[in-house]
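Welcome! Here are a few exercises on how helices sit against each other, each with a worked solution. Take a look at the model first.

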Amino acid sequence: MTSTTEEVGVRPHPQRWAVLGVLCLSVMVVVLDNTVLNVAIPSISTGLGASTADIQWMINAYSLALAGLLLTTGSLSDRFGRKRALLAGLVLFGTGSAVAAYAGSSEALIAARGFMGIGAAVLMPGTLAVLMQLFDEKERPKAIGVWAAVTSLGFAAGPVIGGALIKHFWWGSVFLINVPVAVLAIAAVALLVPESKDPTVRKPDVIGSILSIIGMVAIVYAVIEVPEHGFGSAEFGVPVAIGLVTMTGFALWERHTAEPMLDLGFFADRRFTGAVASGVLAAFGMAGSLFLLTQHLQGVLGYSPLEAGVRVAPMAIALLVTSNTLGQLVVKLGAGRAMLLGMTIVAGGVALLSVGTTYPPTLAGLILIGVGVGVSQPVAVNALMGSIPPERAGIASGLSGTLTELGSSFGIAVLGALLSARFLASLPDGVPGRSLSEALHSGADITVVREAFSSGMSVSLLIGALAVFLGGVVASVLLRRA
């Protein structure tokens with residue numbers, strides 16, 4: 001039940017919608033894991049006696065592996081086959097999840113999380129690459145919309161599922177739940193997904209892979225250290241310098257080697273550059289804003305993790321409805337105008353979150369974000385993947401994922417640092433301000449603490465909204481010129 005790239009280009013794959021469901025299931029298991037973990041942190045800390053540093057590394061080991069390997073794994077999926085990459089990634093991710101569920105120490109769980117990050121990095125590039133192979137230009141925006149909606153649904157459903165599991169089972173259940181889903185996805189990929197790969201036989205770019213891994217790991221590590229040490233610290237400055245020098249070396253090597261892993265000529269296409277730039281700025285604004293929102297829902301509005309997860313779900317529902325109903329409007333507007341409209345709506349939603357001292361304006365902001373992403377994300381992915389040869393779809397998807405992960409990391413670090421500075425400055429003297437939880441349990445007036453956090457969050461979210469809007473402007477200009 002396989003199909004070559006050429007055959008897919010001639011006639012649509014008869015089971016393409018079933019395959020899309022399999023791809024969405026594969027992505028869902030990865031996305032769910034990230035948000036489920038946030039709910040389980042208190043239980044993990046108690047169960048394993050984990051320190052704050054241990055908890056940070058349980059989260060960061062995954063991010064480092066994912067960001068560091070996406071470029072390389074995207075290239076490898078093009079070379080050896082996207083179906084093989086999907087299967088290998090699911091096996092690695094499922095195995096890592098099983099080990100994490102029964103980890104007996106913090107060190108074992110950190111190692112398992114890193115292994116899960118490797119699995120996610122192997123898996124992710126192939127999902128979009130296969131989607132682009134199976135759907136023609138007419139159906140592709142709808143397929144991408146479904147894919148994007150499932151991704152957001154995973155984000156929203158994570159806290160709900162995690163909260164329910166923690167309520168009834170032990171902390172390891174949030175990882176163990178991945179195993180049957182991964183097994184189901186492996187069986188479905190094996191039966192339904194057609195194989196596709198780059199027909200050109202290329203030599204592995206070993207030096208390029210090493211440089212990209214070192215560079216991206218160093219940069220993401222530097223960003224991870226910002227909340228603890230600040231932008232002016234050696235903990236940030238040294239690794240970011242190493243990362244920038246290494247990535248410069250990577251760019252020079254890719255430009256001059258005969259068979260580069262990443263063709264830098266992709267950036268000459270305004271569609272590609274516009275889609276990538278908008279993705280980075282959107283990830284910066286949205287990831288940072290939603291990271292702060294989850295704290296606000298629990299620490300300021302007083303919801304439990306499960307209740308907070310339920311209240312984020314309308315964003316995913318709005319995205320799903322929009323991406324499946326406004327396709328014709330997007331086509332009539334054109335890529336440039338649609339990107340500007342979608343990103344402006346997202347920016348408006350993020351700005352509305354900044355005044356969310358109660359849930360109703362927060363709900364309205366989440367719905368606007370869902371609608372805006374539903375309009376803009378299919379356009380961005382279509383522009384990105386449509387601007388490159390289909391046989392290089394894996395590396396393009398890997399590059400997009402790498403830069404999006406970097407944008408998300410910077411968004412969380414920068415907006416989090418701005419909030420912390422404003423939060424600390426707004427607290428009465430003598431009240432500890434390292435975290436909202438610490439301040440709430442310090443004996444200080446809870447109302448004052450919550451008002452200080454809301455004040456700091458408002459400033460950070462407005463900056464996040466500005467970043468998203470600028471992403472829309474940049475993408476619109478480049479796509480319309482293209």
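**Exercise 1.** Is the crossing of α4 and α8 left-handed or right-handed?

*Solution.* Before we start, note that this is a predicted model, in which local features need pLDDT of at least 70, side-chain atom pairs count only at pLDDT 80 or more, and totals for chains, interfaces and linings use all residues. Residues are numbered from 1 along each chain as its sequence is written, and side-chain values use heavy atoms, with hydrogens and water left out.

Step 1: find helix α4 at residues 82–101 and helix α8 at residues 178–192. Helices are DSSP runs of H or I with at least four residues, numbered from the N terminus.
Step 2: the two pack at an angle of about 165°, and their axes are 9 Å apart. Axes are lines fitted to C-alpha atoms over the stretch in contact, and angles run from 0 to 180 degrees between N-to-C directions.
Step 3: α4 is therefore roughly antiparallel to α8 (angles over 145 degrees count as such, while those under 35 are roughly parallel).
Step 4: the crossing of α4 and α8 is left-handed, meaning the near helix is turned anticlockwise from the far one by less than a right angle.

**Exercise 2.** Work out how α12 and α15 are oriented to each other.

*Solution.* Step 1: the axes of α12 (residues 270–300) and α15 (residues 335–353) come within 11 Å and cross at roughly 20°.
Step 2: the pair is therefore roughly parallel.
Step 3: α12 passes α15 in a left-handed crossing.

**Exercise 3.** Describe how α9 and α11 pack, then find which residues form the nonpolar patch.

*Solution.* Step 1: α9 (residues 206–224) and α11 (residues 234–256) pack at about 155°, with axes 7 Å apart.
Step 2: α9 and α11 are therefore roughly antiparallel, and α9 passes α11 in a left-handed crossing.
Step 3: V206, I210, I214, V238 and I242 form the patch on the surface, with about 430 Å² of accessible area together (Shrake-Rupley method, 1.4 Å probe). Patch residues have over 30% relative accessible area and no salt bridge, and nonpolar side chains are joined within 5 Å. A salt bridge puts a side-chain nitrogen of Lys or Arg within 4 Å of a carboxyl oxygen of Asp or Glu.
Step 4: α9 gives the largest share, three residues.

Technical notes. Angles under 35 degrees count as roughly parallel, over 145 as roughly antiparallel, 65 to 115 as roughly perpendicular and the rest as oblique. Patches are made of residues with over 30% relative accessible area and no salt bridge: like charges are joined within 9 Å, nonpolar side chains (Val, Leu, Ile, Met, Phe, Trp, Tyr) within 5 Å.
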